[in-house]
Amino acid sequence: MYATLEGLRRFDIPHKFEVVSIISLYAQWIREGRLKVDPAWNTEGLKFSVQDPCKLVRQSLGDPVADDLRFVIKSVVGEENFIDVWPNKSNNYCCGGGGGALQAGFVDNRRQHGKTKFDQLQDTGADVVITPCHNCHTQVKDICDHFGGKWQTTHLWGWIVKALQR
Amino acid sequence: MPKGSVLVVGGGIAGVQAALDLADSGFLVHLVEKTTAIGGRMSQLDKTFPTNDCSACILSPKLVECGRHLNINLLTLSDLVSLEGEPGNFKAVVHQRPRYVDPTKCIACGLCAEKCPKKVDNEYNLGIGKRKAAYLSFPQAVPLKYAIDPDNCIWLKKPGRCGACAKVCPAGAINFDDKAVDHELEVGSVVLALGFSPYDPSELDFTGYGRLANVITTMEFERYLSPSGPCMGHMERPSDGKEPKRVAWLQCVGSRDINRSCHPYCSSVCCMFAIKQAVIAKEHAHGEFAPSIFFMDMRTHGKGFEEYYNRARENGVSFHRARVHSILPADDEGNLRLRYVNEQGGIEFAEFDMVILSTGLEVDKNTIKLAERLNLELDEDNFIKTDVFNPVATSRPGVFVCGAVAEPKDIPQSVMEASAAALEAGSILAPARWSATAVKEYPLERDIHAEPPRIGVFVCHCGINIASVVDVKAVTEYARTLPDVVFSQDNLFTCSQDTIDQMVNTIKEQNLNRVVVSSCSPRTHEPLFQETLRDAGLNKYVFEMANIRDQDSWVHKNEPEAATVKAMDLTRMAVARVRGEEALPYHTVKVDKSAVVIGGGIGGMTAALSLAEQNFPVTLVEKSAQLGGNANNLFRTWQDDKVQPYLAETIAKVNNHPRIDVQLSCEITEAGGSVGKFTTTLSNGQNLQHGVAVVAVGGKAYSPEGDWQFLYGQNDKVHTLLEIDRMLIDESEDFKATGQAVFIHCVGSRIPERPWCSRVCCTHAIDQAVKLKEMNPDMDIFMLYRDIRTYGQRERLYQKARALGIIFVRYDLDHIPAVSEDSGQLIIKTHDPIVDAEITLQPDLLVLATAIEPQATGSSVAKFFKCAIDAHGFLLEAHMKLRPVDFATDGVYLAGLCHYPKPLEETIAQAKAAAARATIVLSLDEVPAESITAQVDPAKCVGCGVCVEVCAYNAVSMDEDKNISLVNADLCKGCGACVAGCRSDALTLQNIGNEQIMAAVEAAFD
Amino acid sequence: MSENYNLSKLRTRLKKQIEQAVPEARIDYCLTCGLCASGCPASGIEDMDPRKFLRYLVLGQDDIILQTNWIYSCSLCQRCKYACPMGIDVGRLVYEVKGMRPVEDRPKNLQKSCDLQKAGNSTGIPNDDFVWVVGDILEEIHETEPEWSDLKAPMDKVGAKFYLNQNAKEPTVEPEEMVPLWKILHAVGIDWTYSSKWWDGANYCLFTGDPEDWELTTRLQAETVDDLGCTTYINTE
């Protein structure tokens, strides 16, 4: 998100389209009733937490998109099954996977960076951590495996389909 | 002729002080306050730094005085709408909102609030806890009248729906039909004392404020600590009411920040505010208490502040030089966790029960609107714009300003400015003095001489200050059993307006002829109660106080039973004393309407001009051969105002003023007398009779020596700030070739020998560095500092200096910079704590920011006028918080560096304040003199002359014919030295003679 | 005390270079308060933190800055800037320093990701393969999930309202992860399309420090979207 938005801005690249996040659209569609979801499937009460991607939230769209993200997750998995992290939204910790860290090597450094995020997610006790960003997804999964976390790291879309009412 | 009345807007401490000064010096004051009561922010504080005085206790007498003052027209619930006209003749429109309670009927019984069913957030307590829609903001409120809040009152929202208050009010004071009124006031000048708003940190999500229950602000914590606050002074944390044991303060929230709050300035007071809270909270705590303060630069730049900081450190307050990014929840219980880095970058974690945000001061948005309506210029931070050389003048002539609305500042500075603003506002109306005022008339004094004693005792709870330890009811009951006591009563706050009014009635109804108040200190409260006696037709000297707070409940916190017994003892002793007291005559002294000002620097000249311009003759005494003092060596102020032209102009004004007599190369050799009538002898033999004196003898730069010499005087590249200023004044070209310059801060300050911060040197040094950088942008400049103390808007200068590339490297007393030379080349080694490395510099210029010390002459002048000096030789004011320009000796005032190091603009403000206070005396024809004077029993006097020797006031002389001593009642201050010295028991002090003292001593052992 | 810096003549070449490239850098404004380091999860890695990073620049210790691999631990996440009283964006400065490192000294895989991106996408999968994988997976769904027999994954549909980018990871290693999003878009019923070129949703050229690479990849994608006539670019992450 940031690469595109900030790239268009910083290099003043001419374009005719607007850039939106799929997260904002999910939330808009659910509110408008175009995307019908029902958390009834979550009979076992799987607990979910979330990773606010820095590039999407703090650096691009701010708290409103983080609020949308929570609204979508709660709509899909049940309000009572969402456990938030602290700090969160625009003030969230970076997972340590971004900025090219996943590609750069320096694995120990990357995991040291990710330890803060690991502790934070571990404290939630969630079964599932939703990561709406590919870098976050890879890093959150890696630190979970490396530091002995128990959660499952996933994208958001699979759960939406699970809750989808057609 | 101009109008003889002044409009003061804002009823906080600054507005109250300005109103009192103006009303006391002959003007009618309209005091406009937007809320239901005066008192402002100070009334919300629990304790004040650096004296740890109870804020409400020291403020309350002033509020009551204001409320009772014949020449102060108090307009609460009011806003200034418009101001037309010009200096001397303004027309102001003040909009007064309805109170819905008739203040002439309300007896402040509180039944309306008790029965009112509507609970709303208590804004006086910053939203902590609830109040009713019918309410009183705080127990000592002036006026002590309830009010109904129309936004929440059920009846006013829907008439007919409730009306419970009207049903229960025994006085029939509720008036739902009350209407707003627009007052058109004719005034000659205006003083704005609009105060500040605390910054709201809600927008700083990383602080967790508003989301984490136990993250609060300093103002909120003040209410938690206050006896009149939501927890009655018991320290509780919001989440579960438990007493917090580990508390952190985070400094600079909403200050020194250009990113989130857009407040680039320093709020000046928060460092001391936090330290004070840490110290006071430790006192409140039961058992272990661990306070931690996280800060950037510790700014304890005021008088007594640095020593307060040192004591706090010694007494277990932890200080961490680190800013914290985020406040995190530590658990589900409400505890909080901080992750921070120490100065070397090491990561640390700490857990706390509560975190307090030291939120800054900002201008209220209503102030900005008012300034627009009044056509006043604001500065870039939205504070009301003032002039460095005229620090209380706004952009509009005839409109003056004081307090935090012009820049963040503490209470003493606000009080100083309030007096200065009063001077300016009154000065332009001097011809109209006493033209609009009324004269106070007391009821005829009852002759009690032949009456048997009928003593009334009033015992005070002082909120919880006394009552939480002492069983006040028991003391009251006990008092009633004492001989001659015919009445006793306990009161929540004896000094509150309603109790005072009630006391007048009680004295009359019960036909009392002696009164005892068992409460606090006579130093602060005796005048108030004595005034009450006079209002009730009693002589004010048939009165005694028993201090069951400072000397009892505060010092015996853990022994309530013994403390109660002691309170009874003290009360019994006071009763015994008062029983033998008689009415004394009120002496007065005719005022010599002229002044002596000692010291011809900016402070002295400003004071002299301020008085002379009101037509009072002044003798200005300067010990050197020229006027100007330290200002002769100052280049510019931090706001780039050149000092020399201003100084030259001021000197010319002084020299040309027909009412100023300048005496150069002259000193005082003797002084005697007292307020209204001093006699002073000068070294040129001149004898002066004068009513007041202003002491402005200045200070001097410390000359570097020992560890702090840094080759000063040995290497010609080493200079002091004043020497560089001299070169700048002389437009020296020397700096064009300077490749590297280094400044060392705190040279001689903040060390055991000189434990004070010299206040001006950070700003002075940085301004000089900026000047050098502007002259020669290629110059590398390093500032070696301990804490940067560019308080208030001076912070902008610090930011500018950094932006120019001036590099700041911190040092501490364990790493004092090492200065050496090699073939004349300076070599400086210092340590940078951030990268933990030694840095070597080779400057072409080394500038030392040396300390400011008091002049030795200060102490001798102080002795002449019986004034106090502090441990370091600075002159000691009567009260560090509320009487910053008065000495304890009436009629003598102080200003400038002899009081404490301060910049030019503050010296000017203080000098004007001193002149304002002096004006009060000079505007009177006579002043009250001491009634309790020594008397000689000629039958016992043997004429030994010891009393003549020991009298510090020259009040005792020898009648050579009769060989007995004589006391001049006009000069006698009632100090008792002669009484104690007399070997034949011939001298006695009226009402505190052997009779009364022995009665009290005997009562002590009853 | 480990080091001694001789600043008899202060040289801050690197700081000036950064300030030239980033006018809003405000390095000199730093109050050394430590708030950035307090909030940075990368503090302490390689004995560096955001405050030290600034301080070394101010004190002209360019070698330390040019050599530290901490620049690859800083994820440019801007959490420091978020609360810094002076609003200093350390990540922005780190970006410049990354770009100053000679290409041959940079982490190989990071540079490779960007180089591949410039050639098409970050994993280097050929565009034809992407088109084929999308078609293949769609076909499989049509066969195995009858209720989704009308599912679509439009490619290069000129005039579609929404353009959808696609992270290269899925078509490369886990193509089935593309399906849920198709289903959601289908259920909502919007008019969308992929593009068969410049379709990647990630952009690693943001992280190598070469603005010209970032500009190029962003521009090529923008031109593609405009050519398709889409009015809304949906970012999938």
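# A tour of the chain interfaces

Start with strand 1 (residues 18-21) of chain A and strand 4 of chain C, which pair in the parallel sense over four bridges. The model is predicted. To find the register of this pairing, select A:Val19, whose bridge partner in strand 4 of chain C is C:Tyr233.

**Chain C against chain A**

Next, select the whole contact between these two chains. Chain C contributes 60 residues to it and chain A contributes 59 residues. About 5,300 Å² is buried between chain C and chain A, with carbon and sulfur atoms giving 62% of that area. Colouring by charge will turn up zero salt bridges across the interface of chain C and chain A. Polar contacts are another matter: 27 residue pairs make them across this interface, with both residues of each pair at pLDDT 80 or more.

Now keep only the side of chain C that touches chain A and show its secondary structure. At least two residues each come from helix 5 (79-83), helix 6 (90-100), helix 7 (108-119), helix 9 (169-173), helix 10 (179-188), helix 11 (211-228) and strand 4 (232-235) of chain C. Which helix of chain C gives the most to this side? Select helix 11 of chain C, which supplies nine residues. Coloured by class, the side of chain C that touches chain A shows 29 nonpolar, 17 polar and 14 charged residues.

**Within chain C**

Hide chain A and colour chain C by its domain assignment: domain 1 covers 13-101 and domain 2 covers 116-234. The C-alpha centres of these two domains of chain C are 35 Å apart. Where they touch, four residues of domain 1 of chain C are in contact with seven residues of domain 2 of chain C. The two domains of chain C bury about 460 Å² between them, 53% of it from carbon and sulfur atoms. On the domain 1 side, pick C:Tyr95, C:Lys98 and C:Gly99; these lose the most area to domain 2 of chain C and together make up 82% of what that side buries.

Between domain 1 and domain 2 of chain C there are zero salt bridges. One residue pair is in polar contact across this interface, both residues at pLDDT 80 or more. By class, the side of domain 1 of chain C that touches domain 2 has two nonpolar, one polar and one charged residues.

**Chain A against chain B**

Bring chain A back and show chain B. Seven residues from chain A and ten residues from chain B form the contact. Chain A and chain B bury about 680 Å² between them, and carbon and sulfur atoms account for 53% of that. Which residues of chain A lose the most area to chain B? Select A:Trp86, A:Asn91 and A:Tyr93, together 76% of what the chain A side buries.

The interface of chain A and chain B has zero salt bridges. Three residue pairs are in polar contact there, both residues of each pair at pLDDT 80 or more. The side of chain A that touches chain B comprises three nonpolar, three polar and one charged residues.

**A salt bridge inside chain A**

Over all chains, the structure holds 81 salt bridges. For one inside a helix, select A:Lys141 and A:Asp145, which both lie in helix 7 (residues 134-147) of chain A. They are four residues apart, about one turn of the helix. The side chains of A:Lys141 and A:Asp145 meet at 3.6 Å, N to O.

Notes. Residues are numbered from 1 along each chain as its sequence is written. Chains are lettered from A and ligands numbered from 1 in the order in which they are written. This is a predicted model: local features need pLDDT of at least 70, side-chain atom pairs count only at pLDDT 80 or more; totals for chains, interfaces and linings use all residues. Side-chain values use heavy atoms; hydrogens and water are left out. Domain bounds come from an automatic or database domain assignment. Contact means heavy atoms within 4.5 Å. Buried area is the accessible area (1.4 Å probe) that two parts lose on being put together, summed over both. A salt bridge is a side-chain nitrogen of Lys or Arg within 4 Å of a carboxyl oxygen of Asp or Glu. A polar contact is a pair of N or O atoms within 3.5 Å; within protein, one must be able to donate a hydrogen and the other to accept it, and residues adjacent in sequence count only if both atoms are side-chain atoms. Ala, Val, Leu, Ile, Met, Phe, Trp, Tyr, Cys and Pro count as nonpolar, Asp, Glu, Lys and Arg as charged, and the others, Gly among them, as polar. Two strands pair if DSSP finds at least two bridges between them.
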